[in-house]
Structure formats: structure tokens, C-alpha cells
Amino acid sequence: MEGHRRCPLDLSAGSGILVEGGRNRGDIAAQIDRRFSALGWKEARLDLETTGILYDKNNRIIGTLAPVKQEGYLVDNFKGRVVLDVEWNAKDGNLDRDLASYRSWYEAGVISAGVVITKDRPRLLALARQIWGDYEATLPEEERTHKLPIDLSTSTVTAFDKAQMRLRRGVMGTCPVLIVAATEKTWDGTPYR
């Protein structure tokens, strides 16, 4: 279930990205989205509208029912028939929204698959502690804080383990979903500056 490939993104500690606190849309998520945008993926809102068509026994249209609209949300990346969301530091409820929407869109026949890119929080926490410890060792004792500048210990944000749990529960129905998670193997080894 778990394969490792070096990520072409600069998720290195050298840029400070891994050990910087998040904002509304963090640097890592924005960087990933820019890479997909360069490949032709688009941020897009996907809504559904269903119209019932009434036929007589001779297959002639005899009326239509009022359309039923299903409001979607703005997905981070859409291309072809695939949706891709980067869920890096969002509340873990975003995974519920993503997977339920993927299922609905798949069952309606408008997408072929969904993808979520996130982080393996426990493994990145261990890496962040190592990087921060190495960095602090270069500082005079009175400047050391011994406290990470980010909180990777909270379990209420989107992460690989949260996505796995939802996939095991089957919340996405029959919709094919790929979960990609950054781990310590994503880091290129550049020290924190």
C-alpha cells in the first residue's frame, strides 16, 4: 500500500517550508497546486444539475421535471475527469467533504477518479523534530526554544491516517480514490536555515 518516490517539489527544510507555521493556504499546498497548474490542471467548482425527463410508452418526451441542483465546492485541481485536492493543514472534516463529493460526482458519471494529496503527519513530525533539533544545535543555548515552530502533533488536521480511516470505512463508495502522502522520504536533506 505504501510506495516511495522522491517528490519533484521543493518540500525541503532548507526553504523553511516544512518547519514554518501554516497560513490560509500554506506554501506547500500552493507549491503543489502551481505544479499541477503548469500541467494544465485548473481550480474549478463542480456543481451538478439533474433534470428528470418523462417519456411515454413510445419513447416520446412528454415533459420534464424541475431541475435539482447540487452545489459542489471549489476543487484545487481538475483535469479531464479527475479531481485532485491538496489537503495539507485543513481541518480533517475536509476529507469528509472531498470523499463524499467524489462519490457523488463519480456516481453521477462526471468524474472517473479523485485524488487527495496530504502528509503523513507522524512521520513528518519525527522529521521536523530532527531538523529543528539539528538547527537549534547551531544556536547559542540561550537562543534555543526546543519547541517546534509548527504544530504537527495535532490530530484534527488532514493527514494520511485520517484519509486511510475514511477509505477503510468505504465513504467514497465505488469511486476510485488515490491518496498521496508526503513522508520523510520526500525531504531532499537540505538543512534548515
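This report describes an open sheet and the aromatic contacts of a predicted model.

## Basis

The model is predicted, with local features requiring pLDDT of at least 70 and side-chain atom pairs counted only at pLDDT 80 or more, while totals for chains, interfaces and linings use all residues. Residues are numbered from 1 along each chain as its sequence is written, and side-chain values use heavy atoms, with hydrogens and water left out.

## Open sheet

Five strands (DSSP runs of E, at least two residues, numbered from the N terminus) form an open sheet in the order 1-6-7-8-9, with mixed pairing. Pairing requires that DSSP finds at least two bridges between two strands. Strand 1 (42-45) and strand 9 (177-182) are the edge strands, each pairing on one side only. From one strand to the next, the twist averages 35 degrees.

Three bridges join strand 1 to strand 6 (residues 74-79) in the antiparallel sense. Arg45 stands opposite Leu74 in strand 6.

## Aromatic contacts

Rings of Phe, Tyr and Trp (its six-membered ring) pair if their centres lie within 6.5 Å; planes under 30 degrees apart count as stacked, over 60 as edge-to-face and the rest as tilted. By this rule there are four aromatic pairs. One of them, Phe36 with Trp41, is edge-to-face, at 5.3 Å centre to centre and 80 degrees between the planes. Both Phe36 and Trp41 are buried (under 20% relative accessible area, 1.4 Å probe, protein chains only).

The ring centres of Tyr73 and Trp105 are 5.6 Å apart with planes at 25 degrees, so this pair is stacked. Tyr73 lies in the loop between strand 5 (68-70) and strand 6, and Trp105 in helix 2 (residues 93-107), so the pair ties together parts 32 residues apart in sequence. Helices are DSSP runs of H or I, at least four residues. Both Tyr73 and Trp105 are buried, and they form one aromatic cluster with Tyr102.

Conventions:
Axes are lines fitted to C-alpha atoms, for helices over the stretch in contact, and angles run from 0 to 180 degrees between N-to-C directions. Buried means under 20% relative accessible area, exposed over 50%, partly exposed in between (1.4 Å probe, protein chains only).
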